Amino acid sequence: MTQTQPEAVPQVGIVMGSDSDWPVMKAAAEALAEFGVPFEADVVSAHRMPAEMIEYGRHADSRGLKVIIAGAGGAAHLPGMLASVTPLPVIGVPVPLKYLDGMDSLLSIVQMPAGVPVATVAIGGARNAGLLAVRILAASDSALQGRMVTFQIGLREQAHAKGAKLRA
Ligand code: RP5
């Protein structure tokens with residue numbers, strides 16, 4: 001599976017250990033699309049295609065990517081291994097599988113050795129991974145920053161509206 005938005009150099013690479021992760025990971029793609037951030041999506045398995053995984057990490061920077069979002073389930077080594085070969089920020093998404101409710105994936109991703117950070121989101125938290133990637137890009141893109149501020153105002157208004165409904 002390879003998905004790339006047409007006519008735009010991808011700024012974010014969304015990778016996952018298997019296409020079975022896509023039902024979770026697509027929320028990251030949807031968040032990026034909402035903000036108009038060009039992205040690519042692909043399967044890059046740390047265990048089934050390690051050479052290609054290292055290749056992806058080594059060339060991500062020179063291909064123009066700015067952030068990598070990596071999701072995997074079970075023994076989820078993909079985000080950490082990518083972080084070890086790229087200078088780009090890596091956001092890890094623990095994907096829940098049938099057993100252990102994603103705790104295995106969470107612990108595999110979050111407990112990185114000093115010097116090799118992975119920004120780990122919640123189990124199944126791909127939407128927040130997409131939003132975090134937007135924030136990282138927005139730090140050097142004032143137009144994108146403006147869209148994030150508008151989004152945050154929307155969240156606040158929705159929360160107020162929910163409170164108003166309860167009070168009514
Ligand atoms: C992991 O193994 C993948 O990230 C996926 O979450 C899990 C199962 O993969 P499939 O057997 O469904 O391809 O590496």
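**A tour that starts at Met-53**

Select Met-53 and look at what it touches: leaving out residues up to four places away in sequence, the list is Val-44, Ser-45, Ala-46, Leu-78 and Met-81. Touching, or being in contact, here means that the C-beta atoms of two residues, placed from the backbone, lie within 7 Å.

Before you click on, two notes about what you have open. The residue numbers start from 1 along each chain, following the sequence as written. The model is predicted, so local features need pLDDT of at least 70 and side-chain atom pairs count only at pLDDT 80 or more, while totals for chains, interfaces and linings use all residues.

**Still at Met-53**

Met-53 sits in helix α2. Helices (H or I, at least four residues) and strands (E, at least two) are DSSP runs, numbered from the N terminus. Is Met-53 buried or exposed? Met-53 counts as buried because it has 22 C-beta neighbours inside 10 Å. The cut-offs go like this: with C-beta atoms placed from the backbone, a residue is buried if 20 or more other C-beta atoms lie within 10 Å of its own, exposed if 12 or fewer, and partly exposed in between.

**Zoom out to the whole chain**

Now show the protein as a cartoon. You should find six helices and six strands, and from the N terminus on they run β-β-α-β-α-β-α-β-α-β-α-α. The radius of gyration is 16 Å, close to the 15 Å that the globule rule gives for 168 residues, so the protein is as compact as a globular protein of that length. That radius is taken over C-alpha atoms, and the rule is 2.2 Å times the number of residues to the power 0.38. Taken along the principal axes, the C-alpha atoms fill a box of roughly 55 × 40 × 30 Å.

Colour by burial if you like: buried residues make up 38% of the 168. As for contacts between residues at least 6 apart in sequence, 68% of them join residues at least 24 apart.

**Next stop: helix α3**

Select residues 78-85. This is helix α3, and it is mostly covered, with six of its eight residues buried. Which ones are the buried residues of α3? They are Leu-78, Pro-79, Gly-80, Met-81, Leu-82 and Ala-83. Turn on the surroundings to see what covers them, including β2 (12-16), α2 (50-60), β4 (67-73), β5 (90-95) and α4 (103-110).

Pick out Gly-80 in this helix. Gly-80 is buried because 23 other C-beta atoms lie within 10 Å. Its contacts, leaving aside neighbours within four places in sequence, are Ile-109, Met-112, Val-116 and Val-118. Draw a distance to Val-90, 10 residues apart along the chain, and the C-alpha atoms turn out to be separated by 8.1 Å.

**Two helices that cross**

Show α1 (residues 22-34) together with α5 (residues 126-138). Their axes come within 6 Å and cross at roughly 35°; axes are lines fitted to C-alpha atoms, for helices over the stretch in contact, and angles run from 0 to 180 degrees between N-to-C directions. The crossing is right-handed, meaning that the near helix is turned clockwise from the far one by less than a right angle.

Display the side chains: on α1, Val-24, Met-25, Ala-27, Ala-28, Ala-29, Ala-31 and Leu-32 meet Ala-126, Arg-127, Ala-129, Gly-130, Leu-131, Ala-133 and Val-134 of α5. By class, this contact has 12 nonpolar, one polar and one charged residues. Ala, Val, Leu, Ile, Met, Phe, Trp, Tyr, Cys and Pro count as nonpolar, Asp, Glu, Lys and Arg as charged, and the others, Gly among them, as polar.

**Around the ligand**

Centre on the ligand. Which residues surround it? Look for Met-16, Gly-17, Ser-18, Ser-20, Asp-21, Ser-45, His-47, Ala-72, Gly-73, Gly-74, Val-95 and Leu-97. A residue is near a molecule if its C-beta atom, placed from the backbone, lies within 6 Å of it. The shell has four nonpolar, seven polar and one charged residues.

**Last stop: a loop with unusual phi values**

Go to the loop between β5 and α4, where you'll find Leu-100 and Asp-101. Leu-100 has a positive phi of about 70° although it is not a glycine, and phi of Asp-101 is near 55°, again positive in a residue other than glycine. Leu-100 is partly exposed, with 13 C-beta neighbours inside 10 Å. Asp-101 is also partly exposed, with 13 such neighbours. To close the loop on this tour, draw a line from Asp-101 back to Met-53: the C-alpha atoms, 48 residues apart along the chain, are separated by 25 Å.
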